[in-house]
Amino acid sequence: MQSVQGKLENLFLIGIVIAFLLFVLMELRAAWSDFWTPEAEAEKPEQTREPSPPFAEDLIERGKLVLEAQGCLACHNLDLQGGVLAPSLDNVGVRRNAQWLREKLIDPHGKLSGTLMPAYDYLSEEELEALVAFLGTLTPERPSPDNTGEARIEIPTDEQGNPRFTPDQVERGKLLFQQQGCIGCHAINGIYAGGPVGPNLTREALRRRSDEWQLQHLIDPLSVYVIDGDEDATWIMPPYSSLSREDLEALVAFLQSLR
């Protein structure tokens, strides 16, 4: 039989080995912490677009003049004024940062193949910077018809004064707007306090878009903004082509009643 002294010697050796292993593990942990810690991971910026920097007021005002002079409102809508061919500029300062806006102005097709938007690469550096600065101010915090007051629901009529939709359709569309997650990106003042990613739809009917445009935009959002676009191109707003015709028309009814 092994003597008591031998057993103690073995236990002592085992203790030394365990202590050594613990020491090695602690050293490895300390070395690893130089490269990563939970706190450092939590502080890492998200891999998203960097926010736009602040701009001087005079540069912002200059950008507004450039926007008007370049005829951007022939296609884009801002403060319920302008065209209906291009996306509304409402909240664009939240949707896109300065770098993205600059690249879009210089090479629109580089961002979206087949877009109707022309290139503005001929603008001077000062004009580009000013235009980007102004676009960056278009956020939910900016006073505008879209962001102030509450939505008023009024059923639209045709040229003869006949209602284009029924009250039931409008109510159905209002419910679908919530059920389909539209409030995740869009706000309608006084009805849905939605997200700022998409345009504020409080006065959507006053943008003068046709019922057909609204319907097509719901079915295939990208299709109303491009000609012969890339079939693999993506758009922020998802298509709702899986909805029934009845549901789609109800959503159109609700959108076209917002004034």
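Helices, of at least four residues, and strands, of at least two, are DSSP runs numbered from the N terminus, and the legends below use these labels for a predicted model.

**Figure 1. Overall view of the predicted chain and the order of its elements.** Read from the N terminus, the elements follow one another as α-α-α-β-β-α-α-α-α-α-α-α, which comes to ten helices and two strands. The chain has 259 residues, of which 37% are buried, and its exposed surface is about 15,700 Å², with carbon and sulfur atoms supplying 57% of that area. Among the contacts with a separation of 6 or more, 64% join residues that are 24 or more positions apart.

**Figure 2. Close-up of the packing of helix α5 against helix α7.** Helix α5, residues 98–106, packs on α7 with the two axes 10 Å apart and at an angle of about 125°, and the pair is therefore oblique. The crossing of these two helices, α5 and α7, is right-handed. On the α5 side the contact is made by Ala98, Leu101, Arg102, Leu105 and Ile106, while α7 contributes Glu125, Leu128, Leu131, Val132, Leu135 and Gly136. By residue class, this contact of α5 with α7 is made up of eight nonpolar, one polar and two charged residues.

**Figure 3. Close-up of the crossing of helices α8 and α10.** Here the axes of α8 and α10 come within 7 Å and cross at roughly 95°, which makes α8 roughly perpendicular to α10. From α8, the residues Gln169, Val170, Arg172, Gly173, Lys174, Leu176 and Phe177 meet Asp247, Glu249, Ala250, Leu251, Ala253, Phe254 and Leu255 of α10. The residues of this contact of α8 with α10 divide into eight nonpolar, two polar and four charged.

**Figure 4. Close-up of helix α9 and its buried residues.** Helix α9 spans residues 211–219, and its buried residues are Asp211, Trp213, Gln214, Leu215, His217 and Leu218. These buried residues of α9 pack against α10, the helix of residues 245–255, so that α10, which also meets residues of α8, appears in this view as well as in the preceding one.

**Figure 5. Close-up of the loop residue Asn147 and its surroundings.** Asn147 belongs to the loop that connects α7 (125–136) with α8 (167–179). Its relative accessible area is 17%, and because buried means under 20%, Asn147 counts as buried. When neighbours within four places in sequence are left aside, the residues in contact with Asn147 are Asp90, Asn91, Thr139, Pro140, Arg142, Asn189 and Asn200.

**Figure 6. Close-up of Asn91 and Arg208, two loop residues with positive phi.** Asn91, which is one of the contacts of Asn147, lies in the loop between β2 (81–82) and α4 (92–95). Although Asn91 is not a glycine, its phi is positive, at about 70°, and with a relative accessibility of 4% the residue counts as buried. Arg208 is found in the loop between α8 and α9, and this residue, likewise not a glycine, has a positive phi of about 65°. With a relative accessible area of 49%, Arg208 is partly exposed, whereas Asn91 is buried.

Conventions:
Residues are numbered from 1 along each chain as its sequence is written. This is a predicted model: local features need pLDDT of at least 70, side-chain atom pairs count only at pLDDT 80 or more; totals for chains, interfaces and linings use all residues. Side-chain values use heavy atoms; hydrogens and water are left out. Buried means under 20% relative accessible area, exposed over 50%, partly exposed in between (1.4 Å probe, protein chains only). Contact means heavy atoms within 4.5 Å. Accessible areas come from the Shrake-Rupley method with a 1.4 Å probe; for residues, only the protein chains shown count as cover. Axes are lines fitted to C-alpha atoms, for helices over the stretch in contact, and angles run from 0 to 180 degrees between N-to-C directions. Angles under 35 degrees count as roughly parallel, over 145 as roughly antiparallel, 65 to 115 as roughly perpendicular and the rest as oblique. A crossing is left-handed if the near helix is turned anticlockwise from the far one by less than a right angle, and right-handed if clockwise. Ala, Val, Leu, Ile, Met, Phe, Trp, Tyr, Cys and Pro count as nonpolar, Asp, Glu, Lys and Arg as charged, and the others, Gly among them, as polar.
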